Amino acid sequence: MFTLAEVASLSDIQPTYRILKPWWDVFMDYLAVVMLMVAIFAGTMQLTKDQVVCLPVLQSTVNPKVQPDTAGKADFTTVETTTGQEEASIRTVSFDAPTVTPDILSRVTSSQYQPTESDQEVKKELKDSSGRKTNLDFQQYVFINQMCYHLALPWYSKYFPYLVLIHTIILIVSSNFWFKYPKTCSKIEHFVSILGKCFESPWTTKALSETACEDSEENKQRLTGAQSLPKYVSTSSDEGSPSASTPMITKSGFKFSADKPMIEIPSVTILDKKDGEQAKALFEKVRKFRAHVEDSDLIYKLYVGQTVIKTVKFIFILCYTANFVNTISFEHICNPKVEHLIGYTQFECTHNMAYMLKKLLISYISLICVYGFICLYTLFWLFRIPLKEYSFEKVREESSFSDIPDVKNDFAFLLHMVDQYDQLYSKRFGVFLSEVSENKLRGISLNHEWTYEKLRQHVSRNAQDKQELHLFMLSGVPDAVFDLTDLDVLKLELIPEAKITAKISQMTNLQELHLYHCPAKVEQTAFSFLRDHLRCLHVKFTDVAEIPAWVYLLKTLRELYLIGNLNSENNKMIGLESLRELRHLKILHVKSNLTKIPPNITDVAPHLTKLVIHNDGTKLVVLNSLKKMTNVAELELQNCELERIPHAIFSLSNLQELDLKSNSIRTIEEIISFQHLKRLTCLKLWHNKIVSIPSSITHVKNLESLYLSNNKLETLPAAVFSLQKLRCLDVSYNSIAVIPVEIGLLQNLQHFHITGNKVDVLPKQLFKCVKLRTLSLGQNCITSIPDKVSQLLQLTYLELKGNCLDRLPATLGQCQLLRKSGLVVEDHLFDTLPSEVKEVLNQDTGIPFANGI
């Protein structure tokens with residue numbers, strides 16, 4: 001037999017699972033324990049006590065006179081004592097037994113019995129008989145008891161304890177199967193673990209406390225009026241959704257938002273760093289668990305299934321058990337058909353456990369009825385309300401987190417079960433489903449880590465000598481950033497939850513903002529400040545949808561830099577139609593993969609002065625929109641796979657600088673058309689595949705800068721040197737072997753670069769260009785430098801490294817502006833100079849000499 005402890009272990013569930021056991025499950029567990037006790041008690045009683053006692057039933061009345069001489073049969077005399085009378089009557093029963101033991105006679109005599117003459121004869125005969133005592137009569141009784149136990153006793157009376165035990169075990173297994181089934185127990189285990197941590201996390205208390213504080217603050221503000229608000233907080237009454245004219249994210253209905261200063265909530269905003277990290281981990285766990293559990297309803301179906309099984313089991317037990325209540329009785333008639341052994345065909349038996357079993361059966365039926373009614377109530381609860389949907393409406397109202405999403409399927413069912421235990425679990429769990437709560441936590445942790453002093457250490461000076469702060473991969477924008485009032489440039493990169501609050505109005509020097517993969521949200525007051533003060537904006541994105549809508553409303557914006565994919569099918573040739581609102585935009589820089597210039601750019605064309613398109617190698621085909629940009633002074637079309645100079649460019653009458661870098665241009669015969677561009681002064685055709693310069697270049701008389709580096713030129717035509725206004729000529733990294741003597745005609749030449757060619761001789765006419773400041777002759781085949789280099793009195797930079805020189809001319813000392821830092825040459829060549837020349841070159845410089853500098 002099982003012990004109570006062994007059987008009870010079948011229903012042993014981890015204590016942490018108690019939050020998923022509603023009152024009916026707990027009650028049914030106790031009922032199951034009581035039924036187990038009934039089964040164990042009944043089984044114990046049945047095993048330890050005699051089962052049945054049987055006596056033979058006489059076939060006819062026997063003469064009280066005992067006949068001593070019967071044919072091979074012994075006589076057995078019994079005495080019946082009548083209560084209330086002091087007389088005994090002797091009844092002689094004949095058994096088909098060969099012998100009768102003397103102790104039988106001793107049991108049937110009494111002190112009041114007066115022996116008769118026949119009795120004396122029997123005694124005399126027994127006294128004379130001899131034999132071995134075998135207790136055969138006792139064996140006969142035991143035999144009959146066993147036979148009648150199996151034949152006469154109803155089967156339910158014999159197996160009642162075992163049936164109760166089996167039924168109870170089935171019910172216990174059915175109640176707890178969902179805790180053990182692998183497909184559900186893993187989800188339940190994770191849910192209970194996360195729920196416990198959410199309940200105990202300090203962040204839940206702090207978040208709820210903050211909302212309470214903020215509610216009280218908002219109530220005060222409503223009572224005192226809008227004038228009590230800080231000047232940088234928006235007083236817009238429309239907090240639910242942004243208006244059409246201001247596409248900013250104003251306070252979106254949440255009871256607390258990032259636009260409130262930290263001082264409004266004094267002590268509760270300080271969160272221990274360890275607690276903060278644990279809370280952030282909980283947000284991630286809850287997000288993943290929700291995504292994992294919401295896609296199925298297996299737990300719900302399994303719980304409904306096991307409840308249905310218990311209900312069917314209850315009906316089955318009640319139906320068949322009720323039929324056997326009356327079969328349990330104290331008296332039973334037994335016909336074992338062993339007359340050849342005992343001599344009797346019928347016996348009357350008593351079941352001494354009948355009374356107790358009947359009481360236990362009635363008790364068991366009562367327990368089963370209670371158990372069944374609870375099962376019916378459970379089914380009613382399961383189907384009465386949609387348990388696969390859970391709304392946090394009450395939690396949103398009480399906790400002021402209006403963005404807590406409703407959940408469904410198994411996630412919703414588990415929360416319904418938890419509500420039966422304690423609804424406070426759901427309230428505290430809902431805090432970790434709120435994005436506002438998560439952002440608030442991130443903001444508190446972020447502000448705690450990034451203080452004003454730490455941010456000040458990250459401020460640097462950029463190339464334009466402006467104070468710049470670059471924030472990278474943070475969870476948000478620290479509030480202390482807006483206290484850096486002297487900041488000129490703010491760079492925000494990979495900050496998905498960046499929020500610009502009204503405090504940015506304190507940054508009066510801010511004119512340049514960089515948003516790299518950072519779809520920043522701004523409040524209405526912050527937008528008003530940016531609209532009036534921001535001059536330059538850089539936006540780097542993956543998809544156009546990441547460009548904040550408020551960007552298109554910055555009416556005073558001067559420069560806009562867009563870097564990202566603008567040519568995907570989803571973008572429909574980019575949403576630049578809103579650029580028409582940027583009425584003061586002067587510079588538009590697009591780095592993308594365009595196949596044509598978007599027609600929408602013409603919306604800003606009338607006032608655009610500089611257009612830069614940097615493609616990633618995608619061929620730019622359609623350029624007709626360029627004709628409408630009559631005011632463009634600078635145009636850059638880089639890496640656009642252009643094979644010729646686009647004809648649309650020749651319509652830009654105000655064009656001053658043209659840059660066609662990194663294309664596939666092989667011929668520039670169209671250069672003659674540049675004569676119509678009277679203002680063109682700078683032409684950059686570098687990093688192409690140009691093999692020759694046409695003589696028609698002489699018609700571009702106003703050209704001052706010509707960049708032809710990294711092409712395939714082998715010669716420089718004399719026509720180039722007819723450009724009298726040319727001040728910069730760059731033909732580096734070609735295959736030029738000779739510098740024409742006509743170079744001396746360029747009297748205004750200030751910068752000449754011919755590095756990386758095949759020049760071996762420098763013509764003396766080169767040194768007639770007395771205005772030269774920069775002369776790059778490196779990586780050629782030059783063997784000597786003429787002494788006439790001394791004529792270049794304005795020379796500040798001279799590159800000679802990578803040639804075949806064996807010495808330097810001493811006349812370098814006469815180049816008054818040349819210093820050692822501007823002389824790029826090998827160390828051993830510098831040492832060949834006279835000491836007095838070295839002193840002149842080292843004058844007024846503390847920079848140590850280094851190769852290549």
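A nonpolar core is a set of buried Ala, Val, Leu, Ile, Met, Phe, Trp, Tyr and Cys residues joined through side-chain atoms within 4.5 Å. With that in mind, the tour of this predicted model can begin inside the protein and then move on to its helices and strands.

**The cores.** Select Phe-674 and Phe-752 to begin: among the 133 residues of the largest nonpolar core, these two touch the most other members. Helix α18, which covers residues 524-533, gives this core its largest share, four residues. Keep Phe-752 selected and display its surroundings; setting aside neighbours within four places in sequence, Phe-752 is in contact with Leu-729, Val-731, Ile-739, Ile-743, Leu-766, Leu-772, Thr-774, Leu-775 and Ser-776. Next select Trp-203, Tyr-320, Cys-375 and Phe-432, which are included in a second, separate core of 82 residues.

**A three-stranded sheet.** Now colour β1, β5 and β4, which form an open sheet in the order β1-β5-β4 with antiparallel pairing. Because β1 (52-56) and β4 (331-334) stand at the edges and each has a single partner strand, one side of each is left without a neighbour in the sheet. Looking from one strand to the next, you should find a twist that averages 25°. Strand β5 (residues 347-351) pairs with β1 over five bridges in the antiparallel sense, and within β5 you can pick out Cys-349, which stands opposite Cys-54. Add helix α5 (residues 136-151) to the view: this helix lies across β1, β4 and β5 and runs at about 115° to β1.

**A pair of helices.** Two packed helices are described by the angle between their axes and the distance between the axes. Select helix α6 (residues 155-180) together with helix α7 (residues 182-200), whose axes come within 6 Å and cross at roughly 70°. Angles of 65 to 115 degrees count as roughly perpendicular, and α6 and α7 are therefore roughly perpendicular to each other. To see where they meet, show the side chains of Trp-178, Phe-179 and Lys-180 on α6, and of Pro-182, Thr-184, Cys-185 and Ile-188 on α7, which make the contact. Sorted by class, the contact has five nonpolar residues, one polar and one charged.

**A buried loop residue.** Finally, go to the loop between β16 (587-592) and β17 (610-615), where Leu-594 is found. Is Leu-594 buried or exposed? Its relative accessible area is 1%, so Leu-594 is buried. Add Ile-613 to the selection and compare the C-alpha positions: Leu-594 and Ile-613 are 19 residues apart in sequence and 8.5 Å apart in space.

Conventions:
Residues are numbered from 1 along each chain as its sequence is written. This is a predicted model: local features need pLDDT of at least 70, side-chain atom pairs count only at pLDDT 80 or more; totals for chains, interfaces and linings use all residues. Side-chain values use heavy atoms; hydrogens and water are left out. Axes are lines fitted to C-alpha atoms, for helices over the stretch in contact, and angles run from 0 to 180 degrees between N-to-C directions. Helices (H or I, at least four residues) and strands (E, at least two) are DSSP runs, numbered from the N terminus. Angles under 35 degrees count as roughly parallel, over 145 as roughly antiparallel, 65 to 115 as roughly perpendicular and the rest as oblique. Contact means heavy atoms within 4.5 Å. Ala, Val, Leu, Ile, Met, Phe, Trp, Tyr, Cys and Pro count as nonpolar, Asp, Glu, Lys and Arg as charged, and the others, Gly among them, as polar. Two strands pair if DSSP finds at least two bridges between them. Buried means under 20% relative accessible area, exposed over 50%, partly exposed in between (1.4 Å probe, protein chains only).
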